Amino acid sequence: LSLLLSLSGLLDDGGLLFGDPPAPLHEAVERLEIPVLLVAGRQDLQCSPQAVRAAHELIPGAQLLEVGTEEAGQGFGHYDLLTGRRASEAVFQPLVGWLAEVSSGAA
């Protein structure tokens, strides 16, 4: 229950604490010095594209991949990002490309 309560206020001061020393997530992400790729499904109701865009703005140097459209049947919901029939081409291929870029030091 405490984890669920923590996640419900993820970006609030009383929400999930992260790092050493522990700090609210919205403060901790501002100090990240590692490559970060955020993936947003345009029809994700659990983690809205607007929330992912806001997180992207907080993380220095982060990259954002938005997939799908808002057209019925063409979007990506929360689980579609991993299990959708188009996830391989729309999510996994760009993700593998980003990982290759990061591992080569180009990012």
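These are my notebook entries on what I looked up in this predicted model.

**Ground rules**

I number residues from 1 along each chain as its sequence is written, and I use heavy atoms for side-chain values, with hydrogens and water left out. Since this is a predicted model, local features need pLDDT of at least 70 and side-chain atom pairs count only at pLDDT 80 or more, while totals for chains, interfaces and linings use all residues.

**Entry 1: the chain as a whole**

I began with the secondary structure and found 5 helices and 4 strands, where helices (H or I, at least four residues) and strands (E, at least two) are DSSP runs numbered from the N terminus. Along the sequence they follow the pattern α-β-β-α-β-α-β-α-α. I then looked up burial: of the 107 residues, 30% count as buried, which stands for under 20% relative accessible area, with exposed over 50% and partly exposed in between (1.4 Å probe, protein chains only). For contacts, meaning heavy atoms within 4.5 Å, I noted that among those with a separation of 6 or more, 49% are between residues 24 or more positions apart.

**Entry 2: helix H3**

Which residues of H3 are buried? I found Pro49, Val52 and His56. Seen down the axis of H3, these buried residues fall within an arc of 60 degrees, so they line one face of the helix; the arc is that of the directions from the helix axis to the C-beta atoms. Gln50 and Glu57, on the other side of H3, are exposed. The buried residues of H3 pack against S3 and strand S4 (63–67).

I followed two of these residues further. Pro49 lies in helix H3 and counts as buried at 6% relative accessibility. Not counting residues up to four places away in sequence, Pro49 touches Ala40, Gly41, Arg42 and Asp44. I also noted that Pro49 and Glu66 are 17 residues apart in sequence and 7.7 Å apart in space, C-alpha to C-alpha.

His56, also placed in helix H3, is in contact with Leu38, Ala62, Gln63 and Leu64 when its neighbours within four places in sequence are left aside. The C-alpha atoms of His56 and Leu38 are separated by 6.9 Å, with their positions 18 residues apart along the chain.

Just outside the helix I looked at Ser48, which has its place in the loop between S3 and H3 and counts as partly exposed at 24% relative accessibility.

**Entry 3: salt bridges**

How many salt bridges does a search of the whole structure find? I counted 2, taking a salt bridge as a side-chain nitrogen of Lys or Arg within 4 Å of a carboxyl oxygen of Asp or Glu. Side chains of opposite charge can pair when their charged atoms come close.

One joins the side chains of Arg42 and Glu66 (3.1 Å, N to O). This pair links distant parts of the chain, with Arg42 in the loop between S3 and H3, Glu66 in strand S4, and 24 residues from one to the other. The other joins Glu66 and Arg53 (2.8 Å, N to O); Glu66 lies in strand S4 and Arg53 in helix H3, so this pair ties together parts that are 13 residues apart in sequence. Arg42, Arg53 and Glu66 are thus recorded here as linked in a network of salt bridges. Both arginines are partly exposed, Arg42 with a relative accessible area of 31% and Arg53 with 32%.

**Entry 4: Phe76**

I looked up Phe76 in the loop between S4 and H4: is this residue buried or exposed? At 3% relative accessibility, Phe76 counts as buried. Beyond residues up to four places away in sequence, Phe76 touches, among others, Gly41, Arg42, Val67, Leu81, Ala87 and Ala90. Phe76 and Ala90 are 14 residues apart in sequence and 9.5 Å apart in space, C-alpha to C-alpha.

**Entry 5: the largest pocket**

Last I turned to the largest pocket, with a volume of about 460 Å³. On a 1 Å grid over the protein atoms alone, a pocket is an open set of points where a 1.4 Å probe fits, with protein on both sides within 12 Å along at least five of seven lines, and lining residues have an atom within 4 Å of a point. The volume is the space filled by probe spheres set on the points, which are joined across faces, edges and corners.

The lining has 21 residues, of which Leu38, Val39, Cys47, Val52 and Ala55 lie nearest the centre of the pocket. Strand S3 (37–41), helix H3 (49–58), helix H4 (80–83) and helix H5 (87–103) each supply at least two lining residues. By type I noted 18 nonpolar, 2 polar and 1 charged, with Ala, Val, Leu, Ile, Met, Phe, Trp, Tyr, Cys and Pro as nonpolar, Asp, Glu, Lys and Arg as charged, and the others, Gly among them, as polar.
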